[in-house]
Number of protein chains: 2
Amino acid sequence: MSTPDGPAAPATLSIGQVAARTGLSVHALRFYEREGILADPVRREGGGRRRYTEGDVEWLNLCIVLRSSGMPIPEIRRYTELARAGAGTEPARLALLRAHEQRVLDQLADLQRSLDIVRYKVAVYEDYLDGLPD
Amino acid sequence: MSTPDGPAAPATLSIGQVAARTGLSVHALRFYEREGILADPVRREGGGRRRYTEGDVEWLNLCIVLRSSGMPIPEIRRYTELARAGAGTEPARLALLRAHEQRVLDQLADLQRSLDIVRYKVAVYEDYLDGLPD
DNA sequence: CTAGGAGCTCGAGTCGGCTCTAGATCAACT
DNA sequence: AGTTGATCTAGAGCCGACTCGAGCTCCTAG
């Protein structure tokens, strides 16, 4: 074995491993940390290198979902801060998530309307090309 | 009447009126024209001011749909160029629209996945808050 | 002991899509 | 003639979200 973890080792990951697992670049991971959207400021091993836990990775995966569905980074930071603050902030976190749910629904509706229009245009071109002389 | 159009007047619109109708800013309208995504380079009245036809506005509305569903400006320009080129380019236009349709479908699927996850989290918080002591 | 490769920080650069400014022109009203 | 308000052009600026580069440190293998 090239990585003989001791029995009690919490199995942490390097930034490169996390990049591979999440699909984010190492640059993006450091950027996200600077932006304060990681659960904690990430532990460092002797030498200053980041060690990510599985929990960190799960949190990142949630962040990726929020980002990709259009939540801006400042709002993810706000959510992160609430989570860090711990007990008592659950109502605020719920409100934030509900607001985001609504935004996603709005986006879905907008996209669906666009899709209908694009499909209509596609159908028009198909009909036209079908009915061509030769 | 404050706008006594002559009988044969084609009823053109100023840039401000088009902005009001489309929701785009006058800046954005000029920007779009520079980017070459308007059907024609827009007629000008004596004095250099733009006069938009209803056809121009319809084209803009299509552009707005394409943009808001994620088509980048260079691709809208490509589509516009094909349309300007006229007969014979219909297959290319159809292909472009179909590709966009697929992109929209992908976005819808992604968003739906995100929505499911956000809803799951919302449910978790709701359950937690429901079950609170007081 | 040295060469590579992964990591580090800090700061600058990029990209897409507008947005805004400055300074001039023009149309219409008073 | 003067004032107001819409438009014009060319070009600079901005914002969000990364991306990249320089220069340095560290660890491990040969």
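Which side chain has an N or O atom 3.1 Å from a base oxygen of DNA strand C? I looked this up before anything else, and the side chain belongs to Arg49(B). A reminder to myself: this is a predicted model.

**Entry 1: DNA strand C**

I stayed with this strand and listed its surroundings. There are 17 residues around DNA strand C, and Ser14(A), Gly16(A), Arg30(A), Arg49(A) and Arg50(A) come nearest. Next I checked the phosphates. Ser14(A) has a polar side-chain atom 3.0 Å from a phosphate oxygen of DNA strand C. For Arg44(A), I found a polar side-chain atom 3.3 Å from a phosphate oxygen of the strand.

I then asked which elements give two or more residues to the surface near DNA strand C. They are α1 (15–22) of chain A and α2 (26–34) of chain B. Of these, α2(B) gives the most, with three residues.

I also wanted the split between backbone and bases. Sugar or phosphate holds 70% of the atoms of DNA strand C within 4 Å of the protein, and the rest belong to bases. By class, I noted five nonpolar, six polar and six charged residues on the surface near this strand.

**Entry 2: DNA strand D**

On to the other strand on my list. I found 19 residues around DNA strand D, with Tyr32(A), Ser14(B), Arg30(B), Arg49(B) and Arg50(B) coming nearest. Of the strand's atoms that come within 4 Å of the protein, sugar and phosphate account for 66%.

Which residue of chain A has a side-chain N or O atom 3.2 Å from a base oxygen of DNA strand D? My lookup gave Arg49(A). The side chain of Tyr32(A) places an N or O atom 2.8 Å from a phosphate oxygen of the strand. Ile73(A) uses its backbone: a polar backbone atom lies 3.4 Å from a phosphate oxygen of DNA strand D.

Two or more residues of the surface near this strand come from each of α2 (26–34) and α4 (73–85) of chain A, and α1 (15–22) of chain B. The most come from α2(A), which gives five residues. I sorted the surface near DNA strand D into seven nonpolar, five polar and seven charged residues.

**Entry 3: α4(A) against α5(A)**

Since α4(A) turned up beside DNA strand D, I looked at how this helix packs. The axes of α4(A) and α5(A) are 9 Å apart, at an angle of about 155°. The two helices are therefore roughly antiparallel. The crossing of α4(A) past α5(A) is left-handed.

From α4(A), the contact is made by Glu75(A), Arg78(A), Tyr79(A), Leu82(A) and Ala83(A). From α5(A), I wrote down Ala92(A), Arg93(A), Leu96(A), Leu97(A) and Arg103(A). This contact has six nonpolar, no polar and four charged residues.

**Entry 4: α5(A) against α3(B)**

I followed α5(A) across to chain B. Helix α5 (residues 90–130) of chain A and helix α3 (residues 54–68) of chain B have axes that come within 10 Å and cross at roughly 120°. Are these helices parallel or oblique to each other? They are oblique, and α5(A) passes α3(B) in a left-handed crossing.

On the chain A side I noted Ser114(A), Ile117(A), Val118(A) and Lys121(A). They meet Leu62(B), Val65(B), Leu66(B) and Ser68(B) of α3(B). I counted five nonpolar, two polar and one charged residues in this contact.

Technical notes. Residues numbered from 1 in each chain as written. Chains lettered and ligands numbered in written order. Predicted model: local features only at pLDDT ≥ 70, side-chain atom pairs only at ≥ 80, totals over all residues. Heavy atoms only, no water. Near = heavy atom within 4 Å. Polar contact = N/O pair within 3.5 Å; in protein donor to acceptor, adjacent residues only side chain to side chain. Helix = DSSP H or I, 4+ residues; strand = E, 2+ residues; numbered from the N terminus. Nonpolar A, V, L, I, M, F, W, Y, C, P; charged D, E, K, R; others polar. Axes fitted to C-alpha atoms, helices over the stretch in contact; angles between N-to-C directions. Parallel < 35°, antiparallel > 145°, perpendicular 65-115°, else oblique. Left-handed = near helix turned anticlockwise from the far one by under 90°. Contact = heavy atoms within 4.5 Å.
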